Amino acid sequence: MNFTEFQDWRATCLQQSPGVLDCGETNLYRSLADWRVKPADIGEERRYRCDLSRLWLARFGWREDRSRQAMVSRGVRHALGLIFRQLAADSAKLWVPQDVYPVYLSVAEAHGLNPATYPTLPKLALPPLGCSADEVEQDEYLLICAPLKPLGRHLTPVECAHLLQWLRASPRRRLLLDCVYDLGATLHESTRALEATGRVVILHSLTKGWLWPETFGIALFPEDLQARFEMAFRNDPPSQAQLAQARACLSDAAQRPEEIACALKDRAERLVQRLPSAVLEAGVLPWNASTMGGRYMFVVSMPASTLLQAHGVLGIPASVFGSSGWQGSILTSLAGTFNASHTEHTHVA
């Protein structure tokens with residue numbers, strides 16, 4: 001079942017079984033509409049990308065003098081398109097997760113790449129460390145979500161060690177870390193440890209933390225890759241309206257990602273309260289407060305058909321995320337039933 005088929009199936013289930021517990025909502029922006037930073041007043045002032053890159057660096061605790069390496073995009077998808085185009089021109093090898101975000105694969109193929117894939121469901125299985133003679137002769141990039149989607153957890157020390165070994169196996173290897181789901185005040189320690197190698201590109205945007213998709217993003221490159229990618233980003237910038245929105249988010253609502261993380265934690269707790277014990281016991285990760293912040297997807301080792309028929313829970317088949325061999329499901333806490341009833345929030349913007 002792909003995403004379009006799932007949407008049709010979900011609508012039918014909700015119509016035919018109105019009492020079902022809907023854990024299949026996927027639209028974050030609709031669910032958290034009240035938390036979206038308000039549209040910016042564009043005005044006549046001109047905004048400059050270098051100023052916005054410095055704002056982003058300050059927001060996430062990096063040195064201001066890295067602003068030339070922090071290249072401005074219209075979001076992670078846009079940045080990946082620019083990066084993938086260059087990787088295709090360089091005849092580079094690309095690894096993407098097969099069951100995280102199907103757009104990764106389609107964007108790569110649209111730019112002339114034929115990526116290798118690795119699974120993340122029900123657990124992360126990173127590519128092997130060794131590299132063949134052919135691989136040594138080409139650039140090699142591995143794209144990974146940090147935190148992992150849809151698992152909703154950060155990389156473990158063992159996984160970080162594996163990635164460090166993978167990088168050391170060839171000087172031409174790099175990591176692309178999509179950190180758009182990291183809603184912390186600073187990016188997670190595992191992300192920062194990997195970035196400190198000088199072999200990592202950090203990708204981030206306003207999409208999840210400020211609920212402004214396809215508006216503004218940053219690709220933070222290592223110094224030795226700056227020249228290779230700088231022109232592509234410089235020649236395809238966000239509009240003045242998009243830069244104005246970015247300034248409003250980063251300046252006037254800098255703490256919005258943490259507020260959204262708290263709102264999602266509240267929803268996740270209400271989800272746990274409503275789930276049958278058998279479904280909770282099928283969870284791939286523990287259902288506890290330490291794993292709830294910022295998450296709205298939860299993986300269970302139970303087919304969607306069993307969830308619906310035996311437990312009255314509507315979940316998302318793993319195949320919707322691209323999984324081909326695992327028959328588990330993903331539950332979300334985004335449906336209206338998990339929202340606080342008539343709670344008033346005070347927003348900073």
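**Figure 1. Cysteine 145 and cysteine 179, a pair with no bond between them.** In this predicted model, the sulfur of cysteine 145 has its closest cysteine sulfur in cysteine 179, but the gap is 8.7 Å, too far for a bond. A disulfide would need the two sulfur atoms within 2.5 Å, and by that rule the count comes to zero disulfides. Seen from the other end, cysteine 179 is in no disulfide either, with the sulfur of cysteine 145 as its nearest. Both side chains are tucked away: cysteine 145 is buried at 3% relative accessibility, and cysteine 179 is buried at 0%.

**Figure 2. Helix H9 and what sits on top of its buried residues.** Helix H9 runs over residues 226-234, and its buried residues are Gln226, Phe229, Glu230 and Phe233. Looking down the axis of H9, you'd find these buried residues within an arc of 120°, so they line one face of the helix. That fits the usual helix geometry: with 3.6 residues a turn, residues three or four places apart point the same way. What covers the buried residues of H9? The cover includes two helices, H3 (49-59) and H4 (76-89), plus strands E2 (70-73), E5 (140-145) and E8 (217-220).

**Figure 3. The aromatic cluster of Trp56, Phe60 and Trp62.** The structure holds seven aromatic pairs. One of them joins tryptophan 56 and phenylalanine 60, with 5.2 Å centre to centre and 40° between the planes, which makes the pair tilted. Tryptophan 56 is buried, at a relative accessible area of 2%, and phenylalanine 60 is buried as well, at 1%. Together with Trp62, these residues form one aromatic cluster.

**Figure 4. Two arginines over aromatic faces.** Back at the cluster, check out the charges. Arginine 59 lies over the face of phenylalanine 60, 4.7 Å from the ring centre. Over the face of tryptophan 62 you'll find arginine 192, at 4.3 Å from the ring centre.

**Figure 5. Tryptophan 287 and phenylalanine 298, a stacked pair.** Stacked or tilted? Here the ring centres are 5.3 Å apart and the planes sit at 20°, so tryptophan 287 and phenylalanine 298 are stacked; the cut-off for stacking is under 30 degrees. Tryptophan 287 belongs to the loop between helix H12 (277-281) and strand E9 (297-300), while phenylalanine 298 is in strand E9 itself, so the pair ties together parts that are 11 residues apart in sequence. Phenylalanine 298 is buried, at 1% relative accessibility.

Key:
Residues are numbered from 1 along each chain as its sequence is written. This is a predicted model: local features need pLDDT of at least 70, side-chain atom pairs count only at pLDDT 80 or more; totals for chains, interfaces and linings use all residues. Side-chain values use heavy atoms; hydrogens and water are left out. Buried means under 20% relative accessible area, exposed over 50%, partly exposed in between (1.4 Å probe, protein chains only). Helices (H or I, at least four residues) and strands (E, at least two) are DSSP runs, numbered from the N terminus. The arc is that of the directions from the helix axis to the C-beta atoms. Contact means heavy atoms within 4.5 Å. Rings of Phe, Tyr and Trp (its six-membered ring) pair if their centres lie within 6.5 Å; planes under 30 degrees apart count as stacked, over 60 as edge-to-face and the rest as tilted. A charge sits over a ring if NZ of Lys or CZ of Arg is within 6 Å of the ring centre and within 35 degrees of the ring normal.
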